[in-house]
Amino acid sequence: MPRRKPQPRNTRRGASNANRDEAGFGDALTRRESGPGGYSDEDYVVRTIPGSRATKTYRCPGCDHDIRPGVPHLVTWPAEYGGADDRRHWHTGCWSGRSTRGLTRRWS
């Protein structure tokens with residue numbers, strides 16, 4: 001029976017994956033785009049949420065319909081001053097069409 005090549009220490013099954021989310025996953029799915037108003041001076045951070053990680057129901061500000069658990073969507077927030085309270089969950093199609101229509105709901 002052929003022998004396997006020994007794996008490097010940091011890729012073994014029992015190795016710690018503490019920095020795994022910080023290093024590659026979060027940055028790979030995050031980008032900057034213009035905001036919902038379509039203004040180029042207002043940048044938003046946009047993160048793609050795959051359906052397998054969507055576990056709660058959210059309300060899309062573009063169409064005012066529910067985003068159900070298991071549906072892939074986007075999370076956006078202002079790049080300059082955005083925090084956890086400024087995040088909004090959008091349908092992918094609603095975010096793509098944000099320049100042709102306005103928001104259906106405003107938050108104070």
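**Note on the second largest pocket and its sheet**

1. In this predicted model, the lining of the second largest pocket is made up, by class, of five nonpolar, three polar and four charged residues. The space in this pocket comes to about 210 Å³, and the residues that line the pocket include Arg47, Ile49, His73, Val75, Trp77, Arg87 and His89.

2. As for where these residues come from, β2 and β5 are the elements that give two or more residues to the lining of the second largest pocket, and β5 gives the most, with three residues.

3. The strands in question belong to an open sheet of four strands, which has the order β1-β2-β5-β6 and antiparallel pairing. The edge strands, each of which pairs on one side only, are β1 (30–34) and β6 (88–90), and from one strand to the next the twist averages 35°.

4. Within this sheet, β1 pairs with strand β2 (residues 43–49) over five bridges in the antiparallel sense, and Ser34 stands opposite Asp43 in β2.

5. Val75, one of the residues lining the second largest pocket, has its place in strand β5 (residues 73–78). Is this residue buried or exposed? Val75 counts as buried because its relative accessible area is 6%, where the cut-off for buried is under 20%.

6. Leaving aside residues up to four places away in sequence, Val75 touches Val45, Val46, Arg47 and Ile49, and also Arg87, Arg88 and His89. Between Val75 and Cys60, which are 15 residues apart in sequence, the distance in space is 9.9 Å, taken from C-alpha to C-alpha.

Note on methods
Residues numbered from 1 in each chain as written. Predicted model: local features only at pLDDT ≥ 70, side-chain atom pairs only at ≥ 80, totals over all residues. Heavy atoms only, no water. Buried < 20%, exposed > 50% of the residue type's maximum accessible area, 1.4 Å probe, protein only. Contact = heavy atoms within 4.5 Å. Pairing = 2+ DSSP bridges. Axes fitted to C-alpha atoms, helices over the stretch in contact; angles between N-to-C directions. 1 Å grid on protein atoms, 1.4 Å probe; cavity = no way out; pocket = protein on both sides within 12 Å on 5 of 7 lines; lining within 4 Å. Points joined across faces, edges and corners; volume = space filled by probe spheres on them. Nonpolar A, V, L, I, M, F, W, Y, C, P; charged D, E, K, R; others polar.
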